[in-house]
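Hello,

Here is the structure I promised to pass on. Please open it alongside this email. My notes follow below.

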Amino acid sequence: MKLHTKTNLYTFIATLLLFSFGIFIVYHFILSRLDKEVDKQLLIIKSNVIKGLDKGIDPHLMFPNRSYNFSIKQIPTQTIFKNHFTRSSKKKTNVLDIDDEIPQRSLLFQTTSKNKSYEVTISVSLDERSKIGNDITTVVIIFILISIFVLFLINRFISSFIWSPFYDTLSKIKTWNIKKNEHLMFKQTDIDEFHLLNDTIKDLTQQIQVDYQHLKEFTENMSHEAQTPLSIISSKLELLMQETNYNEKQHKLLGQTYHATKRLYKLNEGLILLTRIENKQFAEINSINLASAIEEKIEVLEDFIEAKKINIIRHINSSSIKDVNPVLLTILLNNLFINAIKYNLDKEGFIKIILDEDCFSIENTSPQEKIDRQMLFNRFNKNSISGSLGLGLSLIKKIVDFYNWQITYSYKEGIHKFKIYM
Amino acid sequence: MKIFVIEDEKSLREDIVEYLSVNNYKCDVAASTQIAIQKLKDNIYDCALIDIGLPDGSGIEIIEYIKNHNPKMGVIMITAKNALEDKLESLKIGADDYLTKPFHLSELNARIYSLMRRRNFGGKNALSFDGLEIDTGEKKVIANGNILQLTKKEYDILVYLASNPTHLITKEALAENIWGDKADIATSFDFVYSQIKNLKKKLNEADLKNYIKVVYGLGYKFME
């Protein structure tokens, strides 16, 4: 739910409650006012009745107007000295034969005149008056409803107007990419809070960017600087190996050191490659026939495929030509195929390749379990069997991202499948 | 044979010189473009190894100088980068061969060996040992007068080993020589091992002496 929708909703509920309460008060206020008017009239009638009784006039004759109901009866002694106002309703059948309740107000009083006590009830129909009350209330309700609606519209308009810098900021942060070295520019606003928010975000993103750049430079420099010492170590080791008077243990130690150095170098090479892709250093593009690139790759890796007796199943349904960087394509295919071979079964495994117009998939049998989706394309996702540090998948992902392709991974009954949508 | 090593990294320069000196190559060294060009004016070399990332300008200048003044000299370029475009670039400039850091010293040696053969004998030279002759032009191996049937991989391994006689060749270097970047694949060492085994068997069956010696845990050696 949007912020101003929510605000509006609460305002709407509050207004409704407040106005209902207001209508209730107004309604009763009007009614009591009307009652008081009626009561005044009733009291005037009362004094006329008393006057008439004192003069010996039959009270019935005093009221030719039938808008009053009048009853009088003689009682032995006067017991009530106060006026009793009551509200009641009289049943009346109207023209349409519908029972209607007609509200009426009555005054009951007792009086003594010429040693005779009387109890008098005067009733006045409130029909007209309650109609007026109802009309007023209806008008008020309509007015209030219109007000609420208009308020709602105004609120909406103001909200969207006031919050627009906020939404602008939000959309800009959303599309902000740390890798693009861009500074955020926000809409000018005269609202202090938004101004503060924008300034804070600006400072924050700038700080993050600076840190990111430093970290990136550090990694880059680190891997570049590491190259030379690594070369030196490996050539020194090679020279050391040329000596002949070693025992078996020394041979083993030398071999292991050398092997570890090579691994470290490969790793470093992978990191440099990742950085170079990130820095868009593979801009050159050639038109490459994917089908033949795949065939070529299979041929190069033939020895390893044969060594594990892996069956290659091809479904090449397309001779599609893609505009890609040849180096990146080579790295991509290399990593996909090497993974498919390396982690395949030692015997009777297969690799299935499907190439369609805009889609390439490679699946392979493997004793390995499903790769954790979250770890899938992470750097240094250590593989339990080979013990190699997995830069391969990370490189694949980087290249796929570089060309805005999509890659999916699925696993089913011992078969791992990577699918690239191009 | 005189080799000119132009490399600014002192340690690496010394290693190259030391490794190459075993093959009776005479080495001269330079650590910068300026010194290199100065030395090229006064001396004649058979082959130059040029590191492209020198402190005072790229090694490309030196290659151009050599191509203009002494085109007979072989040029092997060394770079720290490792992508295809560098390779194409370097060959365009006029280098005869190309190596990326870190390279195996044995690989460098084999490249020089092959370059020198191509340059001096028009590629028709043969590596000759006692009872064993490797014709690198025809890609033929003759053992005691008979042609020895080898697979392409076995032939490549034999040439590589024979180009580095008495040097220890690590299995990593061999694997990389055969498959390049793909060499890190787990099975490659086993593959090298089985290829060597077959090769040894074939040499043995041809009544040759045991040329290939296995150095436990490290690699192989071609004994003259």
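On one side of helix α3 of chain B, E64(B), N68(B) and H69(B) are exposed. This is a predicted model, so please read everything here in that light. The helix spans residues 60-69 of chain B, and its I62(B), I63(B) and I66(B) are buried. Seen down the axis of α3(B), the buried residues fall within an arc of 100 degrees, so they line one face of the helix. The exposed residues E64(B), N68(B) and H69(B) sit on the other side.

Next, the two chains. How many residues of chain A are in contact with chain B? The count is 36, and they meet 30 residues of chain B. On the chain A side, four helices each supply at least two residues: α4 (192-242), α5 (248-278), α7 (302-307) and α8 (326-342). The largest share, twelve residues, comes from α4(A). By type, the side of chain A that touches chain B has 15 nonpolar, ten polar and eleven charged residues.

Now a helix pair within chain A. The axes of α5(A) and α9(A) (residues 392-402) come within 10 Å. They cross at roughly 10 degrees. Angles under 35 degrees count as roughly parallel, and α5(A) and α9(A) are therefore roughly parallel to each other. From α5(A), the contact uses G270(A), L273(A), L274(A) and I277(A). They meet S394(A), L395(A), K398(A), I399(A) and F402(A) in α9(A). The residues of this contact divide into six nonpolar, two polar and one charged.

Best regards

Notes
Residues numbered from 1 in each chain as written. Chains lettered and ligands numbered in written order. Predicted model: local features only at pLDDT ≥ 70, side-chain atom pairs only at ≥ 80, totals over all residues. Buried ≥ 20, exposed ≤ 12 C-beta atoms within 10 Å, placed from the backbone. Arc of directions from axis to C-beta. Contact = placed C-beta atoms within 7 Å. Nonpolar A, V, L, I, M, F, W, Y, C, P; charged D, E, K, R; others polar. Axes fitted to C-alpha atoms, helices over the stretch in contact; angles between N-to-C directions. Parallel < 35°, antiparallel > 145°, perpendicular 65-115°, else oblique.
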